[in-house]
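Welcome! Take a moment to look over the sequence and the 3D view below before reading on.

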Amino acid sequence: MTAVERVDLTSDGAAEVSQGSHGSVVLLPAIAGINPYIRRLHEELAEEGYSVATIDYWHRQGGAPDLSSVEKIMAAVATVADPDVAADVDAAIDHLGAGNGVAAVGFCIGGTQALLAAANLERVKASVSYYGLLRYRDLTDNKPESPLDAAARVQVPFLGHWGDQDPLAPVGDVEELQQIMSGGPAEIYVYPGAGHAFHEDFRPEPYRVVAATESWGRTKAFLRWHVGSA
């Protein structure tokens, strides 16, 4: 079992961290935050030899919010401040001692944050987004720039996974992202029949075994090539 340490990153940010022997990954959870599913992914990446820092979005707010309805989930998403997450990712890179940079890997809102990190943080050298939201309905202090607008600045290797039945990240948005990133080192996959959160194997309704298995295999190959041992 990998040793995991909880650390303070910024004045009010935190992460769960484990040190590995090669390569570094910042793991960005879905809206539920650091739950058993995310901890399993952290452990699996650590067993591959990576140093891993899993960002705790809800440390600032004293714990995860009520996520019992779609309305409450979307309200919670709105409270996650993109600039705060970027500061936490940057601080996590410092803590990991990843002078040559890291890969950011995120799911749902974490997938959005992984894309934004690739656009905005120089030390993020590769990025993986699982069904990240791509278009903000409204711009606010917490959400100052829509991910599709930020995507034009991504110059590092990018791997994206979306389902063609995802109402939160419609295929039209994914196709727009593919067009924006068509001139750079991006690989974007759309999985037939898969909806949002198709990788979450603890939830039978959204989970799609083929899409989840294929996308995770691609993610591990991508990480080995770009930040680990090829």
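This report walks through some strands, a few single residues and one surface patch. Please keep in mind that the model is predicted.

**Strand β4 and its partners**

A good place to begin is strand β4, residues 51-56. This strand is mostly covered, with six of its six residues buried. Which residues point which way from β4? S51, A53 and I55 point one way, while V52, T54 and D56 point the other way, and all are buried.

Two strands pair with β4. Strand β2, residues 14-18, is joined to β4 by five bridges, and these two run antiparallel. To find this pairing in the view, look for S18, which stands opposite V52 in β4. Strand β3, residues 24-28, is joined to β4 by four bridges, and here the strands run parallel. In this pairing, V26 has A53 of β4 as its bridge partner. Between β3 and β4 the chain passes through helix α1, residues 36-47, and this β-α-β crossover is right-handed.

**Strand β6 and its partners**

Further along the chain comes β6, residues 124-130. How many of its seven residues are buried? Six of the seven are, and β6 counts as mostly covered. Strand β5 is joined to β6 by six bridges, and the two run parallel. A useful pair to look for is V102, which stands opposite V124 in β6. From β5 the chain crosses through α4 to β6, a β-α-β crossover that is right-handed.

β6 also pairs with strand β7, residues 158-163, in the parallel sense over four bridges. Here S127 stands opposite F158 in β7.

The pairings described so far can be set side by side:

| Strands | Bridges | Sense |
|---|---|---|
| β2 and β4 | five | antiparallel |
| β3 and β4 | four | parallel |
| β5 and β6 | six | parallel |
| β6 and β7 | four | parallel |

**Two residues with positive phi**

Next come two residues in loops. C108 lies in the loop between β5 (102-107) and α4 (109-120). Its phi is near 60°, a positive value in a residue other than glycine. Is C108 buried or exposed? C108 has a relative accessible area of 10%, so this residue is buried.

A197 sits in the loop between β8 (186-191) and α7 (209-226). A197 is not a glycine, yet its phi is positive, at about 65°. With a relative accessible area of 2%, A197 is buried.

**A buried lysine**

K143 is found in the loop between β6 (124-130) and α5 (147-150). Why does K143 count as buried? The cut-off for a buried residue is under 20% relative accessible area. K143 counts as buried because its relative accessibility is 8%. The side chain of K143 is joined to the side chain of D82 by a polar contact of 3.1 Å.

**A patch on the surface**

The last stop is on the surface. Which residues make the nonpolar surface patch of about 250 Å²? The patch is made by V70, M74 and L168. M74 belongs to helix α2, which spans residues 70-79. M74 has a relative accessible area of 35%, so this residue is partly exposed.

Definitions and conventions: Residues are numbered from 1 along each chain as its sequence is written. This is a predicted model: local features need pLDDT of at least 70, side-chain atom pairs count only at pLDDT 80 or more; totals for chains, interfaces and linings use all residues. Side-chain values use heavy atoms; hydrogens and water are left out. Buried means under 20% relative accessible area, exposed over 50%, partly exposed in between (1.4 Å probe, protein chains only). Patches are made of residues with over 30% relative accessible area and no salt bridge: like charges are joined within 9 Å, nonpolar side chains (Val, Leu, Ile, Met, Phe, Trp, Tyr) within 5 Å. Accessible areas come from the Shrake-Rupley method with a 1.4 Å probe; for residues, only the protein chains shown count as cover. A salt bridge is a side-chain nitrogen of Lys or Arg within 4 Å of a carboxyl oxygen of Asp or Glu. Two strands pair if DSSP finds at least two bridges between them. A crossover is right-handed if, with the strands pointing away from the viewer, the path from the first strand over the helix to the second runs clockwise. A polar contact is a pair of N or O atoms within 3.5 Å; within protein, one must be able to donate a hydrogen and the other to accept it, and residues adjacent in sequence count only if both atoms are side-chain atoms.
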